[in-house]
Amino acid sequence: MMLRQFLAAASLLLVSSSAFAACSINVDGNDAMQFDVKSIEVPKTCKEFTVNLSHSGKLAKNVMGHNWVLSTTADLQGVANDGAPAGLDKDYVKPNDSRVIAHTKVIGAGETASVTFAVSKLAAGGDYTFFCSFPGHWALMKGSLKLV
């Protein structure tokens, strides 16, 4: 009887915590320079939002590495162009680039990385793009992000 009550309480807790699940997303990159997610909606009710990046490919990060970078759509090309000379050791992100809202480290096959950022950094109606800043990848590996 006690176990049944515990399981009922646990399942209620899981149902009530499903709202928190909306404050994170899993994104996978592969060796074909593709993310498995094309758009992300961030709920205004979240204080923080987490992106969990994985790499399901077989190639190393120095050959086919991926990261997840967020900027305004207007800043995407500049962030990507300025990030390339920063190099792999700086995750192809220019140090202290104020245009970068959030980014993960560069990962290779079988690796994962996460980034959590304050939702307050996003403006209602703002035009945001997430992308991989590994040189040459941003043209294909990108998607939209909006505050909803």
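## Briefing: two sheets, two nonpolar cores

In β3, histidine 55 is the bridge partner of glycine 29. That pair belongs to a parallel pairing: six bridges join strand β1 (residues 24-29) to strand β3 (residues 48-55). The model is predicted. The protein chain has four helices and eight strands. From the N terminus on, the order of elements is α-α-β-β-β-α-β-α-β-β-β-β.

**Whole chain**

- The protein chain has 148 residues, and buried residues make up 39% of them.
- About 8,200 Å² of the protein chain is exposed. Carbon and sulfur atoms supply 58% of that area.
- Take the contacts between residues at least 6 apart in sequence: 72% of them join residues at least 24 apart.

**Three-stranded sheet**

- An open sheet of three strands runs in the order β1-β3-β6, with mixed pairing.
- β1 and β6 are the edge strands, and each pairs on one side only.
- From one strand to the next, the twist averages 20°.
- Strands of a sheet pair through backbone hydrogen bonds, in either a parallel or an antiparallel sense.
- Both senses occur here. β1 and β3 run parallel, while β3 and strand β6 (residues 112-118) pair in the antiparallel sense over seven bridges.
- Within the parallel pairing, asparagine 26 stands opposite asparagine 52 in β3.
- Within the antiparallel pairing, glutamate 48 stands opposite alanine 118 in β6.

**Five-stranded sheet**

- The other sheet is also open, with five strands in the order β2-β8-β7-β4-β5 and mixed pairing.
- β2 (39-42) and β5 (102-103) stand at the edges with a single partner strand each, so one side of each has no neighbour in the sheet.
- Strand β4 (residues 69-72) and β5 run antiparallel, joined by two bridges.
- Valine 69 faces its opposite number in β5, histidine 103.

**Nonpolar cores**

- In soluble globular proteins, nonpolar side chains tend to be buried together.
- The largest nonpolar core here has 29 residues. Ile40, Trp68, Leu70, Leu122 and Leu145 have the most contacts inside it.
- Strands β2, β3, β6, β7 (128-131) and β8 (142-147) each supply at least two residues of this core.
- A second, separate core has seven residues, including Leu76, Val79, Ala80 and Val100.
- Which residues does leucine 70 touch, leaving aside its neighbours within four places in sequence? Leucine 70 is in contact with Arg99, Val100, Ile101, Ala102, Phe117, Leu122, Tyr128, Thr129, Phe130 and Leu145.
- That list includes Leu122 and Leu145, which are also among the residues with the most contacts inside the largest core.
- Val100 is on the leucine 70 list too, and Val100 is one of the residues of the second core.

**Threonine 129**

- Threonine 129 has its place in strand β7.
- Is threonine 129 buried or exposed? Its relative accessible area is 8%, so threonine 129 is buried.
- A polar contact of 2.6 Å links the side chain of threonine 129 to the side chain of threonine 73.
- Leaving aside neighbours within four places in sequence, threonine 129 is in contact with Val69, Leu70, Ser71, Thr72, Thr73, Leu76, Lys142 and Gly143.

**Loop between α4 and β5**

- Most residues other than glycine have a negative phi.
- Aspartate 91 has a positive phi, near 60°. Aspartate 91 is found in the loop between α4 (76-83) and β5.
- Asparagine 96 also has a positive phi near 60°. The loop between α4 and β5 holds asparagine 96 as well.
- Which of the two is buried? At 18% relative accessibility, aspartate 91 counts as buried, because buried means under 20%. Asparagine 96 is exposed, with a relative accessible area of 81%.

**Loop between β7 and β8**

- Glycine 136 is found in the loop between β7 and β8.
- Glycine 136 has 53% relative accessibility and so counts as exposed; the cut-off for exposed is over 50%.
- Glycine 136 and alanine 80 are 56 residues apart along the chain, and their C-alpha atoms are separated by 8.8 Å.
- Ala80 is one of the residues of the second nonpolar core.

How values were computed:
Residues numbered from 1 in each chain as written. Predicted model: local features only at pLDDT ≥ 70, side-chain atom pairs only at ≥ 80, totals over all residues. Heavy atoms only, no water. Pairing = 2+ DSSP bridges. Core = buried A, V, L, I, M, F, W, Y, C linked by side-chain atoms within 4.5 Å. Buried < 20%, exposed > 50% of the residue type's maximum accessible area, 1.4 Å probe, protein only. Contact = heavy atoms within 4.5 Å. Polar contact = N/O pair within 3.5 Å; in protein donor to acceptor, adjacent residues only side chain to side chain. Axes fitted to C-alpha atoms, helices over the stretch in contact; angles between N-to-C directions. Areas by Shrake-Rupley, 256 points an atom, 1.4 Å probe, with all protein chains shown as cover.
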